[in-house]
Amino acid sequence: MKKAPVWQKRFKTHINPFVLEYTSSIPDDEELVVYDIVCSIAHTGMLAKIGIISHSDYKKIKNGLEKILSDYKKGIFKLLPEYEDVHMNIEFQLKKIIGDTAEKLHTARSRNDLIATDLRLYCRSQIIAITRIIVHLQEVLLQKAIEYKKVIIPGYTHLQHAQPMLISFYLCSLFCKFQRDLEQLLSLIRWVNVLPLGSCAFAGTGIEIEQNFIARRLAMERISENALDAVSDRDFLCDTIYYLTRVQVHLSQLAEDFIIFCTSEFKIVELDDSIATGSSIMPQKKNPDVFELLRARAGNAIGNLTSALAILKGLANSYNRDFQELKHILFAQVKQSLSNLNMATIAISKIKFKMHSNEWIKKPDWMCINDLIDFFVKKGYPFRKIYNQVSSAVNRSNNDMDKFILLLEKMTKTSSDTIRKMLTPEFSIKNKISSGGTGFDAVKKQIIFMRRLLSKNRAMVENFMKLKGLN
């Protein structure tokens with residue numbers, strides 16, 4: 001062991017090397033180097049402002065920290081396990097660069113409030129990075145919706161033919177799911193953007209610090225109201241993991257649709273060769289492995305959320321070393337979310353929907369029975385009465401469309417030609433006139449609305465990118 005931990009002098013014997021390795025957070029702390037340095041520069045700037053350290057000492061510390069940051073980005077500075085964590089690594093490295101002045105760095109703070117601040121900056125930065133990719137995914141979905149804006153396909157409930165729908169309508173529904181994710185991730189920043197630094201171990205400090213100064217430097221909205229809560233609060237971390245879980249659940253639902261759509265039974269989607277895989281013994285196969293992995297990895301995300309909540313559920317109020325285990329979960333969730341969103345964006349951009357022939361949309365289809373019922377309701381039939389008559393005709397027809405039309409013609413005294421027209425997918429789409437529905441005009445309005453929304457989304461995300469501490 002090259003160096004003893006900073007707290008070792010309190011103990012009579014050296015720590016067991018295995019215990020030091022076991023308790024080290026170095027494998028995960030690489031993710032936090034940038035944020036720890038940003039925090040330290042802001043904190044020492046505050047110490048200089050209130051006169052606890054001189055301005056010349058602040059300049060030395062700031063220059064030293066910026067040198068460490070530059071070396072880290074170049075791959076020169078690496079975290080060493082003998083220094084236990086990211087905080088001590090930076091402090092000891094700073095001492096190598098500027099000498100004893102570095103010993104003033106940790107004044108009026110603790111690793112407890114420092115790690116809480118680092119994690120908040122990390123979450124804020126990664127939320128912005130993820131929302132940028134969500135916006136890109138929405139752009140691709142909208143482009144595809146415009147490309148296929150008038151193409152009709154079967155719509156499903158219970159995985160059975162239900163009613164015809166436009167491909168553009170389906171893609172707009174996916175846009176809406178990710179819009180909720182985007183808005184709620186951005187709203188989460190309000191809860192992430194709280195400054196714990198200055199809370200110290202958990203009871204505050206006897207030095208009259210100016211936390212508002214640090215908050216302004218780090219673009220935090222407010223400071224923590226209670227030091228004990230500040231060092232123990234990981235709600236923001238769990239919320240981040242939760243919202244990212246939900247993003248991946250939405251990706252899984254999307255993936256499941258496309259896995260089904262590209263089968264020979266459904267024949268709705270053609271996978272581009274660039275996003276498909278093959279079989280080692282069946283050369284005719286084109287497999288949707290990308291979508292299957294998107295579906296599977298949502299399970300990892302759910303597991304991460306469960307693990308985080310399980311770690312927190314039994315902890316006494318204040319800082320506990322159990323918190324260290326949350327970092328790995330958070331980092332894994334963020335990394336997987338970025339990867340999955342990027343992959344989904346690429347995959348959707350390469351998707352081709354198969355164009356059904358005009359012959360199909362002009363023929364009567366069982367999916368259009370609701371439109372037939374709408375027709376009779378508008379003529380004055382009570383809904384339940386006509387529903388029962390149509391149900392009876394369906395039952396007696398034994399899935400024979402011509403027989404069904406004749407039966408209903410007798411029941412309702414309506415010509416078979418009229419009934420036949422009402423049962424075509426082409427008429428079904430034209431018949432859907434309600435806002436938000438799958439009708440041509442309704443989808444056109446959705447696309448116009450989503451274009452505007454997309455523009456606002458881009459502006460919102462770029463605005464958040466201006467926050468200090470984002471890298």
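## A walk through the chain, starting at a salt bridge

Arg132 and Glu462 bring their side chains together in a salt bridge, with 3.4 Å from N to O. This pair ties distant parts of the chain to each other: Arg132 sits in helix α6 (residues 111-147) and Glu462 in helix α19, 330 residues apart. A salt bridge here is a side-chain nitrogen of Lys or Arg within 4 Å of a carboxyl oxygen of Asp or Glu. Side chains of opposite charge can pair when their charged atoms come close.

Before going on, please keep in mind that this is a predicted model, in which local features need pLDDT of at least 70, side-chain atom pairs count only at pLDDT 80 or more, and totals for chains, interfaces and linings use all residues. Residues are numbered from 1 along each chain as its sequence is written, and side-chain values use heavy atoms, leaving out hydrogens and water.

Now step back to the whole chain. Its secondary structure comes to 19 helices and 6 strands; these are DSSP runs numbered from the N terminus, with helices being H or I of at least four residues and strands E of at least two. The radius of gyration is 30 Å, well over the 23 Å that the globule rule gives for 471 residues, so the chain is more spread out than a compact globule. That radius is taken over C-alpha atoms, and the rule is 2.2 Å times the number of residues to the power 0.38. Along the principal axes, the C-alpha trace spans about 100 × 55 × 40 Å. To get a feel for this in your viewer, find Ile98 and Pro425: their C-alpha atoms are separated by 76 Å, and the two residues are 327 apart along the chain. Ile98 belongs to helix α5 (residues 86-98).

How much of the chain is buried? Of the 471 residues, 51% count as buried. Buried means under 20% relative accessible area, exposed over 50%, and partly exposed in between (1.4 Å probe, protein chains only). Ile98 counts as buried because its relative accessibility is 18%.

Back to the charges: the whole structure holds 22 salt bridges. In the opening pair, Arg132 is partly exposed at 41%, and Glu462 is partly exposed at 38%. Another bridge joins Asp181 and Arg246 at 3.0 Å, N to O. That pair links helix α7 (residues 167-192), home of Asp181, with helix α10, home of Arg246, across 65 residues. Both partners are buried, Asp181 with a relative accessible area of 1% and Arg246 with 18%.

A third bridge, between Asp273 and Lys286, measures 2.7 Å from N to O. Both residues lie in the loop between β5 (269-270) and α11 (289-312), 13 residues apart. Asp273 is exposed at 59%, whereas Lys286 is partly exposed at 32%. Through shared partners, salt bridges join Glu270, Asp273, Lys286 and Lys354 into one network.

Finally, look at the surface charges. Glu225, Asp229, Asp235 and Asp239 gather in a negative patch, while Lys149, Lys150, Lys444 and Arg451 form a positive one. Patches are made of residues with over 30% relative accessible area and no salt bridge, like charges being joined within 9 Å and nonpolar side chains (Val, Leu, Ile, Met, Phe, Trp, Tyr) within 5 Å. Asp235 is in helix α10 (residues 235-261) and is exposed at 52% relative accessibility. Lys444 is in helix α19 (residues 440-464) and is exposed at 54%.

Definitions and conventions. Accessible areas come from the Shrake-Rupley method with a 1.4 Å probe; for residues, only the protein chains shown count as cover. Lys and Arg count as positive and Asp and Glu as negative; His and the chain ends are not counted. The place of a charge is taken as NZ of Lys, CZ of Arg, CG of Asp or CD of Glu.
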